[in-house]
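Got your viewer open? Grab the mouse and follow along, one selection at a time.

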Amino acid sequence: MLQLLVVNLHEPAQAPARGGAAYKPSRFNHFHTLLTGEKLAFNSLSGGLAVLDSEGWARYTALVKGEPLDPKNPVDQGLVEGRFIVPENFDELAYLKTLHLRQRYTTEAWSLTICPTIDCNFGCDYCFQRHRVSRMTEAVQAKLLEVFAQKAPRLSKFFVTWFGGEPTLAWDVVQRLSQGPHL
Ligand code: SF4
């Protein structure tokens with residue numbers, strides 16, 4: 001059995017599952033064996049997250065060894081839907097490059113990383129930053145909102161990643177910017 005927990009596809013699967021067609025494993029698969037013995041499967045391209053029991057895992061390994069797909073089998077359907085297996089002739093790197101270029105040059109979507117402060121009250125061993133008490137100035141906030149107001153009419157998607165430091169140390173800046181410009 002395969003329990004498909006999450007699929008966060010950038011777009012619908014490119015082709016319906018075809019019976020008898022040859023499939024290969026996605027190069028973006030990651031598997032982790034749980035304490036129960038089940039496999040936790042994650043596909044870093046599709047965002048697919050699934051749990052496979054021994055039967056589901058056996059089915060996955062059979063398919064990637066060349067056994068034909070059975071579109072009526074729910075395990076096979078889930079593996080295709082999560083893109084854990086992809087058609088033999090599907091070029092995942094070309095697909096990823098297309099997604100990247102489309103996202104990079106589109107004027108309809110904007111993805112912004114905002115750093116309200118580079119201060120941080122944690123002390124992670126792996127941190128590469130030097131922290132100091134700081135916060136985004138009023139002038140920079142105003143400029144950011146001005147640029148957003150110019151772009152907003154053409155946007156259909158807008159994504160924000162709050163970055164730091166620890167962004168919640170400048171919570172008022174997060175709240176102020178989240179209100180957006182008064183269009
Ligand atoms: S900035 Fe991030 S990685 Fe660095 S100490 Fe703070 S929480 Fe940890």
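**Stop by stop**

Start by selecting Lys39 and Leu52: in this predicted model, Leu52 of β5 is the bridge partner of Lys39.

Now widen the selection to the two strands. β4 covers residues 39-43 and runs antiparallel to β5, with four bridges joining them. Between the strands of this hairpin sit five residues, and Gly47 there has a positive phi near 80°.

Next, show the side chains of β5, residues 49-52. Which ones are buried? Ala50 and Leu52 are, and they point to one face, while Leu49 and Val51 point to the other face and are not buried.

Keep Leu52 on screen, since the next stop includes it. The largest nonpolar core has 14 residues, and those touching the most other members are Tyr23, Leu52, Tyr60, Leu63, Leu79, Phe84 and Ile85. Colour β5, α1 (54-64), α2 (74-81) and β6 (85-87) to see the elements that each give two or more residues to this core.

Zoom in on α2. Its buried residues are Val75, Asp76, Gly78, Leu79 and Val80. Here's a handy rule for looking at helices: an α-helix has 3.6 residues a turn, so residues three or four places apart point the same way. Just after α2, click on Arg83, which has a positive phi near 60°.

Last stop: the ligand. Which residues are around it? Select Cys120, Phe122, Gly123, Cys124, Cys127, Gln129, Gly164, Gly165 and Glu166. Colour this shell by class and you get four nonpolar residues, four polar ones and one charged.

Conventions: Residues are numbered from 1 along each chain as its sequence is written. This is a predicted model: local features need pLDDT of at least 70, side-chain atom pairs count only at pLDDT 80 or more; totals for chains, interfaces and linings use all residues. A residue is near a molecule or strand if its C-beta atom, placed from the backbone, lies within 6 Å of it. Ala, Val, Leu, Ile, Met, Phe, Trp, Tyr, Cys and Pro count as nonpolar, Asp, Glu, Lys and Arg as charged, and the others, Gly among them, as polar. A residue is buried if 20 or more other C-beta atoms lie within 10 Å of its own, exposed if 12 or fewer, and partly exposed in between; C-beta atoms are placed from the backbone. Two strands pair if DSSP finds at least two bridges between them. A nonpolar core is a set of buried Ala, Val, Leu, Ile, Met, Phe, Trp, Tyr and Cys residues joined through C-beta atoms within 7 Å.
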